[in-house]
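Hi,

Here's the structure I promised to pass on. Have a look first, and then read my notes below.

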Amino acid sequence: MRRARYLVAEGTEGVGKTTLCDILAARLMERGIEVVRVREPGGTPLGEAVREVLLHGGEMSDWSEALLFAAQRAELAERVVRPALANGKWVLSDRCYYSSLAYQGYARRLGVGRVWSVNRPALGETLPDLVVWMDMDAGAALARQQGRDRIGAADIAWHREVWKGYRSLWTSDRGRMMRVDAAAPTERIGERLVSVLEKRGWLRDC
Ligand code: Z5A
């Protein structure tokens, strides 16, 4: 039996995470793999309510923000991700705790280690097999995006700090994290990813 995998697209706003998840989901389903799509923040009734507060509510302290992200993630892990993987379904996620490490830990300067420590307990062993960092100039990525949420409305200098956060995570975590050039054509990014999954033997039906 092929083992179910938990794959995540990460990066600054507008880099193409949702588009990549769409392509990957289609490629996996063509191979008969059952896929569950999720997004963070969100993916559960509680998570969607928290998303509304986080992205469209009023101002809040940086730690309130970090803990709300952690809370919606705990709910998603418990109610959706773990059960899906246990049932042999692959999980494709638009963002995960790496966003909290880059946005809250690094760019908001709460500390990557401290933000990780409030996320870790609720996740247990439910950690992604692969985190695809879609790397692109933060300004060019923002220009692809139409609307801005409360967090995305920050200035470009802050989005560049988020990008530095991702780069720093990638530099120290080449095991779980893979970098792709998000400025490349979407189909090419999808093909590269499928070929990585093939090389790792994850698509083999044994
Ligand atoms: N946040 C946080 O602070 N801490 C956390 O722990 C978490 C999140 C989980 C969530 O927003 C906000 O919360 C986000 C981070 C913060 N705020 N900011 N910044 P979100 O995840 O819902 O939204 P987003 O990531 O900011 O944007 P998005 O809508 O998800 O964008 P995307 O998925 O990366 O891009 P897309 O929708 O696939 O593509 C954007 C456009 O570019 C679209 O028109 C595509 O057709 C086009 N596109 C995509 N790929 C390409 C390529 N390769 N070439 C050309 N054009 C392309």
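A quick definition to start: a polar contact is a pair of N or O atoms within 3.5 Å. One of those in this model links an oxygen atom of the ligand to an N or O atom in the side chain of Lys17, at 2.6 Å. The protein covers 80% of the 1,100 Å² of accessible area that the ligand has on its own (Shrake-Rupley method, 1.4 Å probe).

Before going on, some ground rules. This is a predicted model, where local features need pLDDT of at least 70 and side-chain atom pairs count only at pLDDT 80 or more, while totals for chains, interfaces and linings use all residues. Residues are numbered from 1 along each chain as its sequence is written, and side-chain values use heavy atoms, with hydrogens and water left out.

More on the ligand: a polar side-chain atom of Glu13 lies 3.0 Å from one of its nitrogen atoms, and a polar backbone atom of Val15 is 3.3 Å from an oxygen atom of the ligand. There are 27 residues around the ligand (a heavy atom within 4 Å), and Thr18, Thr19, Arg51, Ser100 and Gln145 come nearest.

And the aromatics? The structure holds seven aromatic pairs (Phe, Tyr or Trp rings, using the six-membered ring of Trp, with centres within 6.5 Å). One of them, Trp133 with Trp163, is tilted (neither under 30 degrees, which is stacked, nor over 60, which is edge-to-face), at 6.2 Å centre to centre and 50 degrees between the planes.

Cheers

Notes. A polar contact is a pair of N or O atoms within 3.5 Å; within protein, one must be able to donate a hydrogen and the other to accept it, and residues adjacent in sequence count only if both atoms are side-chain atoms.
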